[in-house]
Amino acid sequence: MEFRKLLLSIAVFVMITRPSGVSSRTKLRGSGLQPRRYKVTKPFNPRGSCDGNVAPTHKRLVLLWSKLRFHLTVLSNETLHGVNDTYCQPARRCLFELQSCGTSLIRIKHVKTGVYVAINKAGKVYTTRKSHKLDTMFVQELLPNNFVVFWSERTYKKMKRTRYLALKKNGAIKNASKTSSKHKSAHFMVMYCTQATTPKC
Ligand SMILES: *[C@@H]1O[C@H](CO)[C@@H](O)[C@H](O)[C@H]1NC(C)=O
Ligand SMILES: *[C@@H]1O[C@H](CO)[C@@H](O)[C@H](O)[C@H]1NC(C)=O
Ligand SMILES: *[C@@H]1O[C@H](CO)[C@@H](O)[C@H](O)[C@H]1NC(C)=O
C-alpha cells in the first residue's frame with residue numbers, strides 16, 4: 001500500500017514539473033517587441049494556400065499607416081513611398097489589398113497599380129507584378145503595442161535574420177537588411193476599408 005502511494009506521488013510530480021511546450025518556439029527577446037516565431041509544420045509550403053494559380057482565400061482592403069506618420073503607397077512609377085494625408089485623400093491612391101495565404105502569411109497588393117510589395121535576398125524592397133514570386137510572401141505579425149510588422153519568411157530562412165518592411169524618416173523605403181522590429185520605421189497600423197471604387201477607411 002505504502003509503496004503504491006509512493007509510486008503515484010512520483011508519477012504526479014513528474015507530470016507537474018515536465019516542461020510544457022517551451023521548446024516549440026523561441027523565447028521572446030529584448031524589449032518585448034520581438035515577434036514570436038511560429039514553428040512551421042512540415043511539409044511547409046512557402047506560398048501557403050496561394051500556390052500556383054489558386055486565388056487567395058481571403059482579401060481585405062486596407063490603408064497602411066506608418067508610425068513615422070506616413071501612409072504607405074506605390075507612386076505612379078511603381079516605387080514604394082511614404083506619403084501624407086493630402087496625397088491619400090482620393091483613398092484609392094493608397095489602398096492595398098492584403099491577400100491571406102494561410103495563418104499570418106500574406107501578400108500585399110497595391111490596388112491602383114496592381115503591383116505586389118516584395119523583398120529580395122539582398123534586402124531590397126521593390127514592387128513586382130509577378131505575384132507567384134516567393135519575394136512577395138510576408139508574415140504579418142501583431143506587436144504588443146498594437147502595431148503590426150511585415151517580414152519576409154523567405155529571407156529569414158535563408159539569412160537567419162528577419163527583414164522587415166520599413167520606411168525612412170524622409171518617406172523613402174528602407175533597405176530591409178537594416179531593419180528591426182524594435183524600430184518605429186517598421187511599425188504599421190492596418191486601417192480597414194470598404195469596397196475598392198470609393199473606399200471608406
Ligand atoms: C519615382 O518618383 C518619385 C517621385 O516622383 C521619385 O522621387 C523617384 O526617384 C522615382 N523613382 C524611380 C525609380 O524612378
Ligand atoms: C503632401 O504631399 C504632397 C506631395 O505628395 C505635397 O505637394 C503637399 O504639399 C504635402 N502636404 C502637406 C500638408 O505636407
Ligand atoms: C542593404 O544593406 C546590406 C547590408 O548593409 C547590403 O549588403 C545590401 O547591398 C543593401 N541592399 C541594397 C539593395 O541597398
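Start by selecting L165 and showing what surrounds this residue. Leaving out residues up to four places away in sequence, L165 touches L72, I108, V117, I119, V125, F138, F150, I173, S185, A186 and F188. As you look around, keep in mind that this is a predicted model.

**The largest core**

Now widen the selection to the largest nonpolar core, which has 23 residues. Colour L64, L72, F96, I108, F150 and L165 brightly: these are the members that touch the most other members. Which elements give two or more residues to this core? Select β1 (58–66), β2 (70–74), β4 (96–100), β5 (105–110), β6 (116–119), β9 (148–151) and β10 (188–192) to see them. The biggest contribution comes from β2, with three residues.

**A second core**

Apart from that core lies another one, made of eleven residues. To find this second core, select C101, L105, L143 and A166, which are among its members.

**A stop at T127**

Next, go to strand β7, residues 125–128, and pick out T127. Is T127 buried or exposed? T127 counts as buried because its relative accessibility is 16%, and buried means under 20%. Show the side chain of T127 and look for E78: a polar atom of that side chain lies 2.7 Å from the backbone oxygen of E78. Then display the other contacts. Neighbours within four places in sequence aside, T127 is in contact with V74, E78, L80, V115 and Y116.

**Ligand 1**

Time to visit the ligands. Select ligand 1 and the residues around it, which are L75, N77 and T79. Zoom in on N77, where a polar side-chain atom sits 2.4 Å from an oxygen atom of ligand 1. Then turn to T79: one of its polar side-chain atoms is 3.4 Å from a nitrogen atom of ligand 1. If you show the surface, remember that ligand 1 taken alone exposes 360 Å², of which the protein buries 27%.

**Ligand 3**

Your last stop is ligand 3. Which residues are around ligand 3? Select A122, K124, N175, S177 and K178. By class, this shell has one nonpolar, two polar and two charged residues. Look at the backbone of A122, where a polar atom is 3.3 Å from a nitrogen atom of ligand 3. For N175, show the side chain instead: an N or O atom there is 2.3 Å from an oxygen atom of ligand 3. Taken alone, ligand 3 exposes 360 Å², and the protein buries 43% of that.

Terms used
Residues numbered from 1 in each chain as written. Chains lettered and ligands numbered in written order. Predicted model: local features only at pLDDT ≥ 70, side-chain atom pairs only at ≥ 80, totals over all residues. Heavy atoms only, no water. Near = heavy atom within 4 Å. Polar contact = N/O pair within 3.5 Å; in protein donor to acceptor, adjacent residues only side chain to side chain. Areas by Shrake-Rupley, 256 points an atom, 1.4 Å probe, with all protein chains shown as cover. Core = buried A, V, L, I, M, F, W, Y, C linked by side-chain atoms within 4.5 Å. Buried < 20%, exposed > 50% of the residue type's maximum accessible area, 1.4 Å probe, protein only. Helix = DSSP H or I, 4+ residues; strand = E, 2+ residues; numbered from the N terminus. Contact = heavy atoms within 4.5 Å. Nonpolar A, V, L, I, M, F, W, Y, C, P; charged D, E, K, R; others polar.
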